[in-house]
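Please open the structure in your viewer and keep the selection tool at hand. We will walk through it stop by stop.

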Amino acid sequence: MGGELTIAIRSGLKRSAVRLVEKEEDLVRLEKQLDEAVVEENGARRKLNDSEKAAIKREIGKLVREGGDYSSKLATRVSKALDKSPEDINKYEDLFKTKEHEWGGAYNKRTKYKDYHTSNLPDQVIWPDRIIENLEGCIVTHNHPNGSGLSIADLKFFLSNKLTEIRAVRPDGSVFSLKNGKILSVDSVNFLIMKMI
């Protein structure tokens, strides 16, 4: 697009993109905002044409699809050949990867604590107190039946429970990992702060 969207419309589109995954009526609101959007081009104001609206919807769709997957920002895709995770973690990932509900497992190298759990939900594990009380210093792995990498909820869980590593295994067996050493960079901390507020 050659022109600039007005600030109010641009911020409205941003809010709609964030909420797009929450409610179907937000899609209707987005369509209306696109119909009302005005661009300034060479000193003249005009409405968006159909191809510009379609391009914006494609871009918002891309943001929504990728918005919950923070693997590319902070986590790394684990190379199976170079993976040095404990055998118990590997067993959990082999067991969990094709489950239709989320499962999670924890292992502590120092104390040898290990446990796993499912809440029989497709998109989260509600950890019982018996595991929560033992998470500090653990490696936690879990599956994502939808095939995504790490989410913002995973990053919050990683930080709030002082984990050594958090991992997510996808149905194809690929694994994304975030270790506590990577979180210490200034860029990573700033990125997390912006996502959590």
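**Start at a strand pairing**

Select Gly104 and look straight across: Gly104 stands opposite His142 in β7. Bear in mind as you go that this is a predicted model. Now extend the selection to the whole of both strands, β5 and β7 (residues 139–143); they run antiparallel, with 4 bridges joining them.

**The other neighbour of β5**

Next, add strand β6 (residues 114–118), which is antiparallel to β5 and joined to it by 5 bridges. To find one of the pairings, click on Tyr107, whose bridge partner in β6 is Lys114. Follow the chain from β5 into β6 and you trace a hairpin, with 6 residues between the two strands. Stop at Lys112 in that turn, where phi is positive, at about 70 degrees.

**How enclosed is β5?**

Turn on a surface and keep β5 selected. How many of the 5 residues of β5 are buried? The count is 5 of the 5 across residues 103–107, so the strand is largely enclosed by the rest of the structure. Both of its faces are covered: Trp103, Gly105 and Tyr107 are buried on one side, and Gly104 and Ala106 on the other.

Colour by pLDDT before moving on. Among the elements of the chain, β5 has the highest mean value (98), while helix α7 (residues 186–196) has the lowest (45). Two other stretches to pick out are residues 1–5, with pLDDT below 50 and 19 contacts beyond near neighbours in sequence, and residues 18–22, also below 50, with 8 such contacts.

**One step back to Glu102**

Now select Glu102, in the loop between α4 (87–96) and β5. Is Glu102 buried or exposed? Its relative accessibility is 8%, so Glu102 counts as buried. Show its surroundings: leaving aside neighbours within four places in sequence, its contacts include Thr118, Ser119 and Leu121, as well as His142, Asn143 and His144. Pro122 is another of these contacts; a distance label between the C-alpha atoms of Glu102 and Pro122 should read 5.5 Å, although the two are 20 residues apart along the chain.

**Aromatic stops**

Show the side chains of Tyr92, Phe96, Trp103 and Tyr116, which form one aromatic cluster. Stay on Trp103 and add Lys99, which lies over the face of the ring at 5.2 Å from its centre.

The structure holds 6 aromatic pairs. For one of them, select Trp127 and Phe157: the ring centres are 5.6 Å apart and the planes meet at 20 degrees, so the pair is stacked. Trp127 sits in the loop between β6 and α5 (129–132) and Phe157 in helix α6 (residues 152–160), so the pair ties together parts that are 30 residues apart in sequence. Both rings belong to buried residues, Trp127 having 13% relative accessibility and Phe157 a relative accessible area of 17%.

**Zoom out**

Finally, clear the selection and view the whole chain, with its 7 helices and 9 strands. Of its 197 residues, 42% are buried. The accessible surface comes to about 11,800 Å², and carbon and sulfur atoms account for 52% of that. Among contacts with a separation of 6 or more, 56% are between residues 24 or more positions apart. With the pLDDT colours still on, note that the chain has a mean of 77 and that 66% of its residues reach 70 or more.

Technical notes:
Residues numbered from 1 in each chain as written. Predicted model: local features only at pLDDT ≥ 70, side-chain atom pairs only at ≥ 80, totals over all residues. Heavy atoms only, no water. Buried < 20%, exposed > 50% of the residue type's maximum accessible area, 1.4 Å probe, protein only. Pairing = 2+ DSSP bridges. Phe/Tyr/Trp six-rings, centres within 6.5 Å; stacked < 30°, edge-to-face > 60°. Lys NZ or Arg CZ within 6 Å of the ring centre and 35° of its normal. Contact = heavy atoms within 4.5 Å. Areas by Shrake-Rupley, 256 points an atom, 1.4 Å probe, with all protein chains shown as cover. pLDDT = per-residue confidence, 0-100.
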